[in-house]
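Let's walk through this structure together, with an eye on its pockets and its charged pairs. Have your viewer open and follow along.

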Amino acid sequence: MYHTRLVVICEPDFSEILMAEIAETGFDTFMENDKGFEAYVETENFDKQMLEAIRERYSQQTSVVFYQDRIQKKNWNEEWEKNYEPVIVDDQCIIRASFHQPNKQYPYDIVITPKMSFGTGHHATTYLMVKNQLDIDHTNKRVMDAGCGTAVLSVMACKRGAAFVDSFDIDAWSIENGKENAEVNNFQNIRIRQGKISELKFDEPFDIILANINKNILLLEMPYYFAYLKPGALLLLSGFYEHDIPDLLARAEKEGLSKVKQVVHETWATLLLQRK
């Protein structure tokens, strides 16, 4: 069997968002490298017009190169094992694959099966979210993980003492991978569903909402976050750049959310907000 390989050369700041958008065209496996990333899909099973539109749009913003060819099918798990390294967050948390040895030096040990879903901890935004979670009291809290990807943030919430985590993503692969990671980390109190926040129903409001997505989606979904937060509850956002903070804060304040703090890492940012 053959795959179509898309080689993308881009600036590091654009890698994650490009992977997210290209996944929408049909590509279902991604491997990062020092120049950008490679994306794979079975034969021609992707939306060519949509892919070209993405290339044109981002070419106006940054230097980006797309190159396609055809290769034989690989053993993706074997490829991941060659390239995946553990991520350490503030000497408190290690995010590792199952083939890495446990390290009791770190209080929080998260095992993530390193497949193509977003959120292995290597990207600055995932790192920032976990870093902020270390400072948030999750004990007996109801948590929402919006756009959960690998469910690494859901697992971290449970390790910090959350009573229940309601997670969702639009990507079917993320649902499969997220459920696997919840099981690998021995948490049965994580519910993972496919869909958008506008489509799903939630039984009760939340004490904490985690949303590591992108600026445009965060702006669009801000009213939903407010609606599903308890009074005084916390909203932790990432997936955007430092220069996006004013736009997000303006929308948050309009919806009745106030800033608690912001953290920046490698030009990426997080915002911790609170419902008034």
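## Charged pairs and a pocket

Asp166 is buried, with a relative accessible area of 0%. Keep in mind that this is a predicted model. Which residue forms a salt bridge with Asp166? The partner is Arg193, and the closest N and O atoms of the two lie 3.3 Å apart. Asp166 belongs to strand 9, while Arg193 sits in strand 10 (residues 190-194), so this salt bridge ties together parts that are 27 residues apart in sequence.

Side chains of opposite charge can pair when their charged atoms come close. A good next stop is the pair formed by Arg96 and Asp109, a salt bridge whose closest N and O atoms are 2.7 Å apart. Here Arg96 comes from strand 6 and Asp109 from strand 7 (residues 108-111), so the contact ties together parts that are 13 residues apart in sequence. Are these two residues buried or partly exposed? Arg96 has 6% relative accessibility and counts as buried, because the cut-off for that label is under 20%. Asp109, at 21%, is partly exposed.

Now turn to Asp90, which forms a salt bridge with Lys131; their closest N and O atoms are 2.8 Å apart. This pair links distant parts of the chain, 41 residues apart: Asp90 is in the loop between strand 5 (87-89) and strand 6 (93-96), and Lys131 is in helix 4. Asp90 is partly exposed at a relative accessible area of 34%, and Lys131 also counts as partly exposed, with 25% relative accessibility.

Elsewhere, Arg5, Glu38 and Asp69 are linked in a network of salt bridges. How many salt bridges does a search of the whole structure find? The search finds 14.

Let's move from charges to empty space. Rolling a probe the size of a water molecule over the atoms shows where such space is left. The largest pocket has a volume of about 1300 Å³, and 48 residues line it. To find its centre in your viewer, look for Ile17, Ala20, Ile213, Asn214 and Ile217, the lining residues that lie nearest to that point. Several elements give two or more residues to the lining, among them helix 1 (12-23), helix 2 (48-59), helix 4 (124-133), strand 9 (164-169) and helix 7 (215-228). What classes of residue make up this lining? It has 22 nonpolar, 15 polar and eleven charged residues.

Terms used. Residues are numbered from 1 along each chain as its sequence is written. This is a predicted model: local features need pLDDT of at least 70, side-chain atom pairs count only at pLDDT 80 or more; totals for chains, interfaces and linings use all residues. Side-chain values use heavy atoms; hydrogens and water are left out. On a 1 Å grid over the protein atoms alone, a cavity is a set of points where a 1.4 Å probe fits but cannot get out, and a pocket is an open set with protein on both sides within 12 Å along at least five of seven lines; lining residues have an atom within 4 Å of a point. Grid points are joined across faces, edges and corners, and a volume is the space filled by probe spheres set on the points. Helices (H or I, at least four residues) and strands (E, at least two) are DSSP runs, numbered from the N terminus. Ala, Val, Leu, Ile, Met, Phe, Trp, Tyr, Cys and Pro count as nonpolar, Asp, Glu, Lys and Arg as charged, and the others, Gly among them, as polar. A salt bridge is a side-chain nitrogen of Lys or Arg within 4 Å of a carboxyl oxygen of Asp or Glu. Buried means under 20% relative accessible area, exposed over 50%, partly exposed in between (1.4 Å probe, protein chains only).
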